[in-house]
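Student: I have a structure open and a pile of words I don't quite trust yet. Can we go through them one by one?

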Amino acid sequence: MKIALTGGATGIGAALAKKLKADGHHVTAFDVSEPAENVDRWIKTDLSKSDSIKSAIDQAEGPFDALVNNAGLPPRDGLSELILNVNFIGFREFLEGMLGKLTSGASIVNTASRAGAMWRDNLDEIKALFALKSADDILAFIASRSIDPVRAYNLSKEAVIVYSLARTENMIARKLRMNSVSPAAVSTGILDDFTKAFGDRVAKNIARAGRPGSAEEIADIIAFMASPHSGWMKGVDIIVDGGMSAMAQTDLLGLNDKNGGADL
């Protein structure tokens, strides 16, 4: 398979590139930084800049059998504008621009996050973000809604999940399919950013799950979603979090199985 991958230099993207190459696939990485290894071609791409996105798409040599949109920024102080620009506005522009370079039946996999799980409660704000046409509109959007970096990150990932869902029928008509993957608490270089942003909740969830996930474990799921083996999966969000979501849900529903099923 010939695969296009954004964010292939570090973390989950680097782990995915390594796996894809080991499995014999051709990998073109689109990243602002050059991957040290495991890619056949690197195209420098800054997803916060429309000109860079357009140039990268022009340079891309398809057709590609899969497109993995993995690049993204974590919640960091002072980066609200950049987070929304990279994680959603740039993500969307790059994805839409690449559609003409995909093979019939190609898979699109978008890396979202468990942080986007509350998308149903925030549809009005997500739709308002969808309505923005370019990065130039982001500052006013942030100011009008008092969006801090944590909310910017959560909103960007909510938007990725909803966008992947909402485009399902259109993708089917194009003979493509699109899904999202939502990891949580992954042991990469940006785990500290999430610990700082979300506080004790991260530590408690990791302790409850037993450990954070690994980049390789998330890469395995993304690779499966990019492959023909997941061909009948369309418009779904795959949560990969070591059971964190299940435990939170059972707490809310009063169905927690801490006592080995004695209370059920």
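Tutor: Here we take the words one at a time and test each against its value.

Tutor: Keep in mind that this is a predicted model. The chain has eleven helices and seven strands.

Student: What makes the chain as compact as a globular protein of its length?

Tutor: Set two values side by side. The radius of gyration is 18 Å, and the globule rule gives 18 Å for 264 residues, so the chain is as compact as a globular protein of that length. Along its principal axes, the C-alpha trace spans about 60 × 45 × 40 Å.

Student: How much of the chain counts as buried, and how much area does it expose?

Tutor: Of the 264 residues, 46% count as buried. The exposed area is about 12,600 Å², with 52% of it supplied by carbon and sulfur atoms.

Student: Which contacts link residues 24 or more positions apart, and what share do they make up?

Tutor: Taking the contacts with a separation of 6 or more, 74% are between residues 24 or more positions apart.

Student: Where do the positive charges sit on average, relative to the negative ones?

Tutor: There are 29 positive and 33 negative charges, and their mean positions are 3 Å apart.

Student: Why is Leu129 called buried?

Tutor: Buried means under 20% relative accessible area. Leu129 has 0% relative accessibility, so it counts as buried. You'll find Leu129 in helix H4, residues 123–131.

Student: What does Leu129 touch beyond its neighbours in sequence?

Tutor: Leaving out neighbours within four places, its contacts are Leu84, Phe88, Ile89, Arg92, Ile138, Phe141, Leu155 and Ala159. Take Phe88: it is 41 residues from Leu129 along the chain, yet their C-alpha atoms are separated by 8.7 Å.

Student: What makes a group of residues a nonpolar core?

Tutor: The members are buried nonpolar residues joined through side-chain atoms within 4.5 Å. The largest such core here holds 51 residues, and Leu95, Met98 and Leu129 touch the most other members. Helix H3, residues 80–98, gives this core its largest share, nine residues. Another core, of 21 residues, lies apart from it, and its members include Leu5, Ile218, Ala219 and Met225.

Student: Which residues does Leu95 contact, leaving aside those within four places?

Tutor: The list is Leu67, Asn69, Ile108, Asn110, Tyr163, Met171 and Met178.

Student: How do you know that Asp193 counts as buried?

Tutor: Same test as before. Its relative accessibility is 16% and the cut-off is under 20%, so Asp193 counts as buried. Asp193 is in helix H8, residues 191–198. Beyond four places in sequence, Asp193 touches Pro74, Pro75 and Arg76. Arg174 is 19 residues from Asp193 in sequence, and the two are 38 Å apart, C-alpha to C-alpha.

Student: Why is Ser227 buried, but Ser146 exposed?

Tutor: Ser227 has a relative accessible area of 11%, under the 20% cut-off, so it is buried. Ser146 has 65%, and exposed means over 50%, so Ser146 is exposed. Ser227 sits in the loop between helix H10 (215–226) and strand S7 (237–240); its contacts outside four places in sequence are Met1 and Arg177. Ser146 belongs to the loop between helix H5 (138–145) and helix H6 (149–166).

Student: Then what makes Asn38 partly exposed?

Tutor: Partly exposed lies between the other two classes. At 24%, Asn38 is neither under 20% nor over 50%, so it counts as partly exposed. Asn38 is in the loop between strand S2 (26–31) and strand S3 (41–44). Ala17, Lys18, Lys21 and Val27 touch it, leaving aside residues up to four places away.

Student: What is there to say about the phi of Asn38 and of Ser146?

Tutor: Most residues other than glycine have a negative phi. Phi of Asn38 is near 70°, a positive value, and phi of Ser146 is near 50°, also positive.

Student: And why is the bond from Gly62 to Pro63 called cis?

Tutor: Look at omega: it is near 0° for that bond, and the bond is cis. Most peptide bonds are trans. Pro63 lies in the loop between helix H2 (50–59) and strand S4 (64–69).

Methods: Residues numbered from 1 in each chain as written. Predicted model: local features only at pLDDT ≥ 70, side-chain atom pairs only at ≥ 80, totals over all residues. Heavy atoms only, no water. Helix = DSSP H or I, 4+ residues; strand = E, 2+ residues; numbered from the N terminus. Rg over C-alpha atoms; globule rule 2.2 N^0.38 Å. Buried < 20%, exposed > 50% of the residue type's maximum accessible area, 1.4 Å probe, protein only. Contact = heavy atoms within 4.5 Å. Areas by Shrake-Rupley, 256 points an atom, 1.4 Å probe, with all protein chains shown as cover. Lys, Arg positive; Asp, Glu negative; His and termini not counted. Charge placed at Lys NZ, Arg CZ, Asp CG, Glu CD.
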